Amino acid sequence: MEIAHLVSVLLFLFTTAILYVRRSHASPSKAGKAYCPHPNPVLGNTVEFIRNRGRFFDWYADMLRAAPSNTIEAWGPFGASHAVTTADPAGVDHLLRASFANYNRGTQFRAAQSDLIGDGIFGADGRLWSLQRKLASYAFSSRSLRRFTEDVLAVHLGRRLLPFLDAAAGSGQAVDLQEALRRFAFDNICHVAFGVESSTFLEWGDHRHQALFAAFDAAVKISFMRTLTPSTPVRKLTKLLNVGKSRQLREAVGVIDHHAMSVIEAKEASQRNNRGEGDPDLLSRFMAAMDEEDGGGELAAMFPTPEAKRRLLRDVVVSFVLAGKDTTTSALTWFFWLLAANPRCERRVHDEVSRSPDGDVKGMRYLHAALTEAMRLYPPVPFNGLVAVADDVLPDGTKVRAGWFANYSAYAMGRMEKLWGDNFLEFVPERWLSDDGEFVAVDAARYPVFHAGPRACPGKEMAYVQMKTVAAAVLRRFRLNVQAPTASMESPPAYEMTGGMKILGGLHVHLKIRD
């Protein structure tokens, strides 16, 4: 094994040396080269990456703030794996809107994420992406939003989350609110997107649910780290031999696959017993699209065999579970922590939600502003990457070569003084409100928490409804006393190094029922 590892390393060095020579001939001119901090002539930014891998998002935010145009360039060993990253709204607008057709997910992202999300919407490009996007958009229509609010959210809130928190308050024991919110969001997305009843919240101690969440955590973390580093012969060898991280990923994906197929089978059984009843959910629409045999089923034609069709349905389930369970969970967890660290804001939110005992959240403008401000500081997806199809130039003059990564950091953008003023590191919901208390949005290129352009999140409104409904219900009924991590803006919690913004170790709180 040691000899094989040595051979792999030598092959990697030989390959990257060739890449370095080839890329050096195609390197951008100095006039179009972005600011590149801490480069090593041979290893590029690899040493600094390793040194800062536990605080990757803050490391990039520091570098982007220091860059003259808030755009930087980085590369791996021997000039391999070039990446341009921006926190400039003009640059983000260029990537996501003005030059949308020139940027896609790219082969390295798909290779790193294929075991987990396959051909699902978040890893797809071109026509495959647009077809999935169109089908998914129906799940977020006004009619679907009403059904979600009335039939799903209210039921899960009244029968699951609030009774659970009541019991925790009665026992006097601390509860991990992040974990509770994650299970609540998971059961919600399974119900609204797949029409399948999930009971991870009610069956808290069931080892199967614990194993499933652990599998998702492991698979997401490994896949995310692989998107940040170039593939090497060593990685390919570990996959071939089924050892190390490759084995961990394969085992985790096996657990996830089992769950996804059980969802599909449950849906198939439901359709056999209730043909044509009720509005079609997201999974039903994808299943119908895959069953078309009249020549008009473009998506079905892309996956001609029954096995391929079933595999895409699996990818759809996994992709939307990831989107549904992690994003709102992250936003709400940080929101509750930020309120604990800013009692003045917590009082204002409580005053507002208390004036609407019926639960109508539409007019809760301060709550809306507070959630938006929480996501400015801690966006659920802090870092996003695309790949240039052809050579391009960003608005600040930075050149991006074909095949280079082109990234933007919502996390860094939320920490830019030039975008948010000298109180950019403070939690100030009022920055989103006009003098008469109306919510004032900003352009998505300045606040790309829900992305922008054609890939903008279609579930934005549904996410806000869920977050506001949950936050209002919890704060109206309970006082939250954060036990860990410390609720202080001077010492923010550590986060897990994944594609999301989970608080490392969870959010442990004591709850007390309000008088």
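Begin by selecting the five strands that make up an open sheet of mixed pairing, in the order β1-β2-β8-β5-β3. Strands here are DSSP runs of E with at least two residues, helices are runs of H or I with at least four residues, and both are numbered from the N terminus. Two strands count as paired if DSSP finds at least two bridges between them. At the edges of this sheet are β1 (71–74) and β3 (103–104), each of which pairs on one side only.

Before going further, note that this is a predicted model, in which local features need pLDDT of at least 70 and side-chain atom pairs count only at pLDDT 80 or more, while totals for chains, interfaces and linings use all residues. Residues are numbered from 1 along each chain as its sequence is written, and side-chain values use heavy atoms, with hydrogens and water left out.

**The five-stranded sheet**

Strands of a sheet pair through backbone hydrogen bonds, either parallel or antiparallel. Select β2 (83–86) and β8 (405–408): β2 and β8 pair in the parallel sense over four bridges, and Val-84 has Ala-406 in β8 as its bridge partner. Next, add β5 (residues 384–388). The pairing of β5 with β8 is antiparallel, again over four bridges, and the partner of Val-387 in β8 is Phe-405. Val-387 of β5 is also the bridge partner of Asn-104; β3 and β5 pair in the antiparallel sense over two bridges.

Now display the side chains of β8. In a regular strand the side chains alternate between the two faces of the sheet. Phe-405 and Asn-407 point one way from β8, and Ala-406 and Tyr-408 point the other way. Which of the two are these four residues, buried or exposed? All of them are buried, a word that means under 20% relative accessible area, with exposed meaning over 50% and partly exposed in between (1.4 Å probe, protein chains only).

Helix α4 (residues 89–98) is the next selection; α4 lies across β2, β3, β5 and β8 and runs at about 125° to β8. Contact means heavy atoms within 4.5 Å. The axes are lines fitted to C-alpha atoms, for helices over the stretch in contact, and angles run from 0 to 180 degrees between N-to-C directions.

**The three-stranded sheet**

Move to a second selection, an open sheet of three strands in the order β4-β10-β9, with antiparallel pairing. Its edge strands are β4 (175–176) and β9 (478–484), each pairing on one side only. Strand β10 (residues 508–513) runs antiparallel to β9, and six bridges join the two. One residue to label is Phe-478, whose bridge partner in β10 is Ile-513. Helix α19 (residues 460–477) lies across β9 and β10, at about 95° to β9.

Follow the chain into the loop between β9 and β10, where Pro-485 lies. The peptide bond from Ala-484 to Pro-485 is cis, with omega near -5°.

**Salt bridges**

Side chains of opposite charge can pair when their charged atoms come close. A salt bridge is a side-chain nitrogen of Lys or Arg within 4 Å of a carboxyl oxygen of Asp or Glu, and the structure holds 33 of them.

Select Lys-239 and Asp-115, which form a salt bridge with the closest N and O atoms 4.0 Å apart. Lys-239 lies in helix α10 (residues 233–241) and Asp-115 in helix α5 (residues 106–117), so the pair ties together parts that are 124 residues apart in sequence. Lys-239 is partly exposed at 40% relative accessible area, and Asp-115 is partly exposed at 24%.

Turn next to Glu-251 and Arg-247, whose side chains meet in a salt bridge (3.0 Å, N to O). These residues are four apart in helix α11 (residues 244–273) and are therefore separated by about one helical turn.

A further pair is Arg-401 and Asp-391, at 3.2 Å from N to O. Arg-401 is in the loop between β7 (399–400) and β8, and Asp-391 is in the loop between β5 and β6 (392–393).

To finish this stop, select Glu-179, Arg-182, Arg-183, Asp-217, Glu-496 and Lys-502, which are linked in a network of salt bridges.

**Two loop residues**

Asn-242 sits in the loop between α10 and α11; its phi is near 60°, a positive value in a residue other than glycine. His-451, in the loop between α18 (417–420) and α19, has a positive phi near 65°.
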